[in-house]
Amino acid sequence: MHTITITRGDSKQHFESTSAASTLAIAKKLGGTLRGGDIVALFGDLGVGKTVFAKGIASALGIKETVVSPTFVLMMRYRIPQKKEKKIHARFLYHIDTYRLVGTRAIVDAGIAEHIGAPDAITVIEWPDKLGQLLPKTTTYVSLAVPDGI
Ligand SMILES: Nc1ncnc2c1ncn2[C@@H]1O[C@H](COP(=O)(O)OP(=O)(O)O)[C@@H](O)[C@H]1O
Ligand SMILES: [Mg+2]
């Protein structure tokens, strides 16, 4: 059993996910509410489903390409199809993974920080805790966990 908590401003939603498919469905629902400039920060341990969650968001944005983990490339950019682009005012999905970077400075040096929150994009970040204070208050926080003994 995985727990997923989505915090957006004052609103907090809790979900329980029994499978990768159910995490995808929860992510898809959130993905459908995103607009250009929005940032989603995905917290949770290795293997807990952050990349699965990013795939669900991409699917909601109409992205047909296979979303792969950006652990080694640090950032992937996907084009949002034109029909969706008009509706949500975003052209790109940036999928960032800071796992291999140490510290906020390295992330800035890698040229990743400048893309975060771009007005024409939706940004999804794995291991966002490494960004320190770089994330704005408007960020949507998603925490994935596997509580002990479940
Ligand atoms: N409830 C669940 N939610 C998400 N993934 C799950 C779940 N149960 C099992 N899995 C599996 O766990 C793995 C999660 O991998 P991944 O999304 O790459 O993790 P992370 O990006 O957090 O390191 C996938 O292989 C997925 O199929
Ligand atoms: Mg991952």
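**Exercise 1. Determine whether the radius of gyration of this predicted model agrees with that of a compact globule.**

Solution. The protein has 150 residues, and a compact globule with 150 residues would have a radius of gyration near 15 Å. The protein has 14 Å, which agrees with that expectation. The extents of the C-alpha trace can then be added: along the principal axes it spans about 40 × 35 × 30 Å. Next comes burial, where a residue counts as buried if 20 or more other C-beta atoms lie within 10 Å of its own. By this criterion, buried residues make up 35% of the 150 residues. Last, contacts are sorted by sequence separation: of those between residues at least 6 apart, 69% join residues at least 24 apart.

**Exercise 2. State how many helices and strands the protein has, and give the order of its elements from the N terminus.**

Solution. The count is 4 helices and 7 strands. Read from the N terminus, the elements follow the pattern β-β-α-β-α-β-α-β-α-β-β.

**Exercise 3. Establish the strand order of the open sheet and identify its edge strands.**

Solution. The 7 strands of the open sheet are arranged as S2-S1-S7-S3-S6-S5-S4, and the pairing is mixed. Strand S2 (11–17) and strand S4 (75–79) are the edge strands, since each pairs on one side only. Neighbouring strands of the sheet are turned against each other by 15 degrees on average, direction ignored.

The antiparallel sense appears between S4 and strand S5 (residues 92–97), which pair over 5 bridges. Within this part of the sheet, tyrosine 78 has leucine 93 in S5 as its bridge partner.

The parallel sense appears at strand S3 (residues 39–43): 4 bridges join S3 to strand S6 (residues 121–126), and 4 bridges join S3 to strand S7 (residues 140–145), again in parallel. Valine 40 stands opposite valine 124 in S6 and opposite threonine 140 in S7. As to burial, S3 is mostly covered, with 4 of its 5 residues buried.

**Exercise 4. Describe the shell of residues around ligand 1 and the helices that contribute to the shell.**

Solution. The shell holds 15 residues, of which the closest are Ala20, Thr23, Gly49, Lys50 and Thr51. Helix H1 (20–31) and helix H2 (50–60) each supply at least two residues. H2 gives the most, with 3 residues. Divided by chemical class, the shell comprises 4 nonpolar, 9 polar and 2 charged residues.

Technical notes:
Residues are numbered from 1 along each chain as its sequence is written. Chains are lettered from A and ligands numbered from 1 in the order in which they are written. This is a predicted model: local features need pLDDT of at least 70, side-chain atom pairs count only at pLDDT 80 or more; totals for chains, interfaces and linings use all residues. Two strands pair if DSSP finds at least two bridges between them. Axes are lines fitted to C-alpha atoms, for helices over the stretch in contact, and angles run from 0 to 180 degrees between N-to-C directions. The radius of gyration is taken over C-alpha atoms; the globule rule is 2.2 Å times the number of residues to the power 0.38. A residue is buried if 20 or more other C-beta atoms lie within 10 Å of its own, exposed if 12 or fewer, and partly exposed in between; C-beta atoms are placed from the backbone. Two residues are in contact if their C-beta atoms, placed from the backbone, lie within 7 Å. A residue is near a molecule or strand if its C-beta atom, placed from the backbone, lies within 6 Å of it. Ala, Val, Leu, Ile, Met, Phe, Trp, Tyr, Cys and Pro count as nonpolar, Asp, Glu, Lys and Arg as charged, and the others, Gly among them, as polar.
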